[in-house]
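Colleague: I should like to learn how to read the packing features of a structural model. May we take them in turn?

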Amino acid sequence: MKKFKRYIGLLGLVSMLAIVLSACGSRQSLSKQDVLTNDKASNTITWGVKADTKLFGLMDVSDNTIKGFDVDIAKALTKKILGKNGKAKFVQVTSQTRIPLLKNGNIDAIIATMTITPEREKQVDFSDSYFDAGQSLLVKNSSNIKSVKDLNKTGTKVIGVTGANSVANIKKYAPKAKVLELSDYAQAMTALKSGQGAALTTDNGILYGMAAQNKGYKVVGGTFTKEPYGIALNKGQQPMQKAINKALKEIEADGTYNRILKKWFGNVKGFDYKEAAR
Amino acid sequence: MIYILTHYWSELIQGLGYTLLSSIIALIFSTIIGTMFAIFEVLPSRTMRIIGRIYIEIFRNIPLLVIAMFFYVLIPMYVAKIDGFTAGTIGLTIYTSSFIAETVRSGINSVDPGQMEGARANGMTYWQAMSKIVLPQAFKLVIPPLGNQFINLVKNSSVLAFVAGFDLMYQGNSIASLSLDTINSYMVVGVFYLIITLPLSYYMRHLEKRLAN
């Protein structure tokens with residue numbers, strides 16, 4: 001009995017420590033400072049981009065830089081906001097790490113295939129949408145899955161990525177399917193290849209990139225959601241938000257946007273880039 | 001923290017269940033397999049010693065994540081359909097067994113060789129002497145390091161998160177991304193791990209004390 005009491009005491013101590021620590025965690029510091037002022041002073045904007053997503057942000061191992069649509073848009077925006085000599089710095093993020101990194105002040109803005117959703121808007125502020133994606137499915141060429149309806153059976157496993165909006169969507173559109181969440185798109189693709197799930201689901205732009213990279217896989221079912229991508233900023237960064245929205249309008253007006261769109265999506269099979277042009 | 005606990009209770013309990021299940025399975029089988037390879041290593045037969053050595057050196061020196069990914073990706077592709085939970089648990093068992101083998105071997109080696117000789121001189125076979133005289137003494141000696149291995153095993157079960165094994169860490173990642181409250185989500189997960197490891201830690205200590213007398 002005495003030992004039991006001691007054990008309870010220890011557990012109590014530990015939980016108290018946890019509560020104290022969590023109180024520390026909720027304090028904010030870096031993210032409260034004005035990002036636009038800081039960036040203008042250092043002449044650098046630090047963007048969080050994907051590094052595992054072909055077409056949007058993919059690490060090129062030959063020269064160790066991240067390349068893609070998001071990256072080029074970020075560079076164009078940086079030039080508009082800071083002037084010709086403005087520097088864009090890129091930090092690799094995943095669906096799961098991007099919001100924590102933004103909140104900690106490691107990055108100034110997220111431009112990483114991030115859908116504008118009401119839940120996320122409680123945590124971060126979004127710019128205007130810079131790309132209109134929609135959720136779709138990637139399957140083996142031989143698969144008999146034609147649309148999201150075919151997934152709504154007990155025992156069907158669907159692969160998604162932790163932190164992505166698409167996981168929540170699939171639970172809505174195919175509630176009977178079991179969702180396997182993997183940590184990034186490369187792992188999700190590997191899991192699809194090894195047959196851990198019947199389909200991989202995420203936004204069509206990302207899936208087209210995967211289909212281009214992996215022979216024997218195709219995108220099916222069209223889009224069953226609307227996923228407008230936005231640039232995410234910390235709450236209370238209105239000056240930066242305004243600057244980004246203004247820069248976005250400028251690159252759309254002067255043709256830079258369409259040029260970047262054509263560069264990345266011009267040759268993607270099944271994707272009509274003209275429809276997405278602005 | 002309270003918000004995370006109340007809103008994601010069922011996910012957390014599911015995660016706790018899978019972590020516990022995986023840990024228990026891995027604990028039982030890694031102890032059996034580990035002890036087996038420890039005996040291999042002290043056998044008079046040279047071939048058996050080499051087999052034991054190879055097994056231990058391979059799996060002790062590859063990161064657990066790599067072993068788990070091997071079972072998650074390659075085995076379903078070429079051998080049998082296994083899900084993330086099974087793949088992760090197999091990886092965890094094999095990885096831990098190599099450490100347990102080393103621990104138990106050191107225990108066997110520190111038992112006075114006279115014990116084995118005496119047992120054999122009294123007419124016991126090698127296996128009788130090993131199982132009735134040497135191993136009981138060896139286990140008594142290695143209880144503290146074995147306890148460390150068991151605690152590591154529970155913590156290492158978080159590898160399941162990377163192969164979609166629905167364990168505590170997986171649920172933690174999922175909750176963190178749903179609630180967007182990273183700090184509190186992982187804090188809760190940490191407390192849930194303590195719920196498993198603290199009693200285990202206490203039990204090993206208790207066992208150590210009881211066997212010392």
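Modeller: Let us begin with handedness: a crossing is right-handed if the near helix is turned clockwise from the far one by less than a right angle, and left-handed if anticlockwise. This model is predicted. In chain B, the crossing of α6(B) and α7(B) is right-handed.

Colleague: At what angle do the axes of helix α6 and helix α7 of chain B cross?

Modeller: The axes of α6 (residues 113-121) and α7 (residues 126-156) of chain B cross at roughly 155° and come within 10 Å. Because angles over 145 degrees count as roughly antiparallel, α6(B) is roughly antiparallel to α7(B).

Colleague: Which residues of α6(B) and α7(B) meet?

Modeller: From α6(B), B:Gln115, B:Met116, B:Ala119 and B:Arg120 meet B:Ala129, B:Ile133, B:Val134 and B:Gln137 of α7(B). This contact has 5 nonpolar, 2 polar and 1 charged residues.

Colleague: How is chain A divided into domains?

Modeller: Domain 1 of chain A comprises 33-132 + 229-276, and domain 2 comprises 135-225. The centres of these two domains, taken over C-alpha atoms, are separated by 25 Å. In their contact, 14 residues of domain 1 of chain A touch 18 residues of domain 2 of chain A. The domain 1 side has 4 nonpolar, 8 polar and 2 charged residues.

Colleague: How many residues does each chain bring to the contact of chain B with chain A?

Modeller: Chain B brings 23 residues and chain A brings 24 residues. On the chain B side, α4 (64-78), α8 (168-179) and α9 (182-212) each supply at least two residues, and the largest share, 9 residues, comes from α9(B). By class, the chain B side has 14 nonpolar, 7 polar and 2 charged residues.

Note on methods:
Residues numbered from 1 in each chain as written. Chains lettered and ligands numbered in written order. Predicted model: local features only at pLDDT ≥ 70, side-chain atom pairs only at ≥ 80, totals over all residues. Axes fitted to C-alpha atoms, helices over the stretch in contact; angles between N-to-C directions. Helix = DSSP H or I, 4+ residues; strand = E, 2+ residues; numbered from the N terminus. Parallel < 35°, antiparallel > 145°, perpendicular 65-115°, else oblique. Contact = placed C-beta atoms within 7 Å. Nonpolar A, V, L, I, M, F, W, Y, C, P; charged D, E, K, R; others polar. Domains from an automatic or database assignment.
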